[in-house]
Amino acid sequence: MTPVTYGELRGLAASRIEAGGIAIAQKPLDSPEAARQAVITYRDLLAGLAEHAAYLVGHVPALDRPYAVTTASSQDLAAALLRRLLEERAARGTAAPALADHPASAAWAGAAEALRAARDLLDTHRDPDRRWRTPDAWRLDHPDLRWQALVDLAELVDATAPGGRDLAARVLEAQHLPEPEVADLRDPQRLQAGASAVLSLHRDRPIELSAIAGLGLAQPPPQRADPLQRALQAIGRLRQRAWERHDTPYVGVSTLGHYAALAVLVHQHAAVAVQAVGARAPQLWPTESSGRLPAVLTEAASACRTASAAWREVRDELAGLRTPIPLSGNVRDDYVLVRDGLAHATRSRNEWMNPDRLVPDRAAALHLLGALRSPLASVSEIGAWHRRTSARLVLAGEVFQPAVRLTGDEVADEPTLVQAKLDRRAVPASPAQQRALRHGYSAATDVSSRAVRAYGHALAAAAETTWRPAAGRTEAVQPSALLHLPSR
Amino acid sequence: MSDWPLAAEALIGATDAGSEHLADVWTLAYAAERATLRLAAAPGAEGEVRWTETAVELSAALAELERADPSLPGVAAAVDLGHPVPNSGSDAGDIVARLIRAALADLRVAPGGSTQETPAVARVSGLLSGAHLRLTGRLP
């Protein structure tokens, strides 16, 4: 099972809303209790939608009075209007719905549950003060991405409104409840107009697939024992930890060294993977051997090798330096998980599997390339953060080297260094070392992001070639082969 | 270029006689780490993962040693075997493995250490064994 994402929960809510609408249209309410319950669950669903809208909009003081003159944008006003309309109709102070005996009640209760779970999932990316606590949390505050999520929510509202009309009709036809109890639900048009207000302001701008819909839990729960899945999760934790700490004084060179070694290994594995796919390409895609696929695969392999060499130099530089900050045990543990997961997927007994075994078919090729994409992107991101971390450590004078290892040339004109060498003390990293570290990080982050792009092109080309059925052949791999990726 | 087998032998012999056992372990682990880093950077080693993996274990072992005794990088002898002789991949691996085994042996004969030292010694021992495993595919 893959970790759940926001988009999936919202999809679940949508299908339950649809099921609820169909159920209330098809089946009468048998008793006053059933009617009361259906009304409560429906209103609770509206409350769920309202809470969700409120969460996405965030707290904008001016929006508490949406009809007053404010400087808020028309988008914010539309969102506030929708939220108000929902809140007016939502349940207030009612007890939690009991066991629902009409299928519509069950469906609506499920939809409200999915919506609240989706909101809670988003909230795992924030701390109690709504600040970002994960490297992905910026998406929640990005105006375009947030608006996209609101538009998707407005579509849910639009789908929910007719259910209220049918519910009111059912209640009134059986005279289960007095008319005022459902009067506000009889006309769905105001709610739908509120939803349209949001939908009409939707600028049809291409939104990256990995927008808010792609967000997963900030801390995915432990998975089963598939080493590659565990490695992908460990990468996620390392990324989170690196982001949390890159601006704090708790990262030392031995921790940075582990991350750099991880970058070396991940790029090496990525290079081997694309190379293996390239070697098998003539068999896997016989009709495509003259297309652009071989070229992009070769380019990706070489970009990954270059990046791996660049990270190795960073690693070498770090190995000669020391900081008073000890190696982080969590980083070490997750490094081991990633290392073993990568090894499990690509090697048998310390040797690379040969391409036939590594990529027996197209699905395996896409699976392998897809699985390595997120570690590759993550080490590149982490590298960019650590470039700053290392620069800060150097500036703060926290990076040392044992003076005993200084050569005669290095201490020649520096009496203090001579004394330090004799006293076997540690001295700050030399200007040459500082430069080497700085250049190392800057070169590595550059080639690393190039490798990520080239790798992305290779993956896209392989996927495209696979899903476009060749003439006379309909065999194609399902896109879901790529969807096992963890939440990113 | 330098003669790795000879240098390694000399190093193992010299640390054998030492009494400062943690410093000797540090010296051997340090020499092994430098050697693996050089091997990882050697031409033709682009696809080799084990040098990097071994170097990580060794650097974790060094970090652990230095946490137990922060003066180690200053007081222990830091020896670098120098550039490896080209095309000596498997031999070079054997030499590094011997350095690791020597470090482990020094660690094991340590006379009853202080209370802070004992857990550190256990962790270092695990990391050195791990390094040997990454390098050769088997435990020492």
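**Exercise 1. At what angle do helix α6 (residues 143-173) and helix α8 (residues 189-200) of chain A pack, and how far apart are their axes?**

Before starting, note that this is a predicted model, in which local features need pLDDT of at least 70, side-chain atom pairs count only at pLDDT 80 or more, and totals for chains, interfaces and linings use all residues. Residues are numbered from 1 along each chain as its sequence is written, chains are lettered from A and ligands numbered from 1 in the order in which they are written, and side-chain values use heavy atoms, with hydrogens and water left out.

*Solution.*
Step 1. Two packed helices are described by the angle between their axes and the distance between the axes. For α6(A) and α8(A) the angle is about 155 degrees and the axes are 8 Å apart, where axes are lines fitted to C-alpha atoms, for helices over the stretch in contact, and angles run from 0 to 180 degrees between N-to-C directions.
Step 2. That angle makes α6(A) roughly antiparallel to α8(A) (under 35 degrees counts as roughly parallel, over 145 as roughly antiparallel, 65 to 115 as roughly perpendicular and the rest as oblique).
Step 3. The crossing of α6(A) and α8(A) is left-handed, a term used if the near helix is turned anticlockwise from the far one by less than a right angle.
Step 4. By class, the contact of α6(A) with α8(A) has 11 nonpolar, 1 polar and 2 charged residues (Ala, Val, Leu, Ile, Met, Phe, Trp, Tyr, Cys and Pro count as nonpolar, Asp, Glu, Lys and Arg as charged, and the others, Gly among them, as polar).
Step 5. On the α6(A) side the residues include A:Trp147, A:Leu150 and A:Asp158, and those they meet in α8(A) include A:Leu191 and A:Gln192, contact meaning heavy atoms within 4.5 Å.

**Exercise 2. Describe how helix α9 (residues 227-245) and helix α14 (residues 362-395) of chain A cross.**

*Solution.*
Step 1. The axes of α9(A) and α14(A) come within 10 Å and cross at roughly 15 degrees, which makes α9(A) roughly parallel to α14(A).
Step 2. The crossing of α9(A) and α14(A) is left-handed.
Step 3. Among the residues that make the contact are A:Leu232, A:Arg239 and A:Trp243 of α9(A), together with A:His367, A:Glu381 and A:Trp385 of α14(A).
Step 4. By class, 11 nonpolar, 4 polar and 2 charged residues take part in the contact of α9(A) with α14(A).

**Exercise 3. Place A:Arg130, A:Gln175 and A:Thr465 in chain A and state the exposure of each.**

*Solution.*
Step 1. A:Arg130 lies in the loop between α4 (103-123) and α5 (138-141) of chain A, and its phi is near 65 degrees, a positive value in a residue other than glycine. With a relative accessible area of 31%, A:Arg130 is partly exposed (buried means under 20%, exposed over 50%, partly exposed in between, with a 1.4 Å probe and protein chains only).
Step 2. A:Gln175 sits in the loop between α6 and α7 (183-186) of chain A, has a positive phi of about 50 degrees although it is not a glycine, and counts as exposed at 68% relative accessibility.
Step 3. A:Thr465 belongs to helix α17 (residues 431-467) of chain A and counts as buried at 9% relative accessibility. From A:Leu293, A:Thr465 is 172 residues away in sequence, while their C-alpha atoms are 7.9 Å apart in space.

**Exercise 4. How many helices and strands are there in chain B?**

*Solution.*
Step 1. Chain B has 6 helices and 0 strands (helices, H or I of at least four residues, and strands, E of at least two, are DSSP runs numbered from the N terminus).
Step 2. Of the 140 residues of chain B, 54% count as buried.
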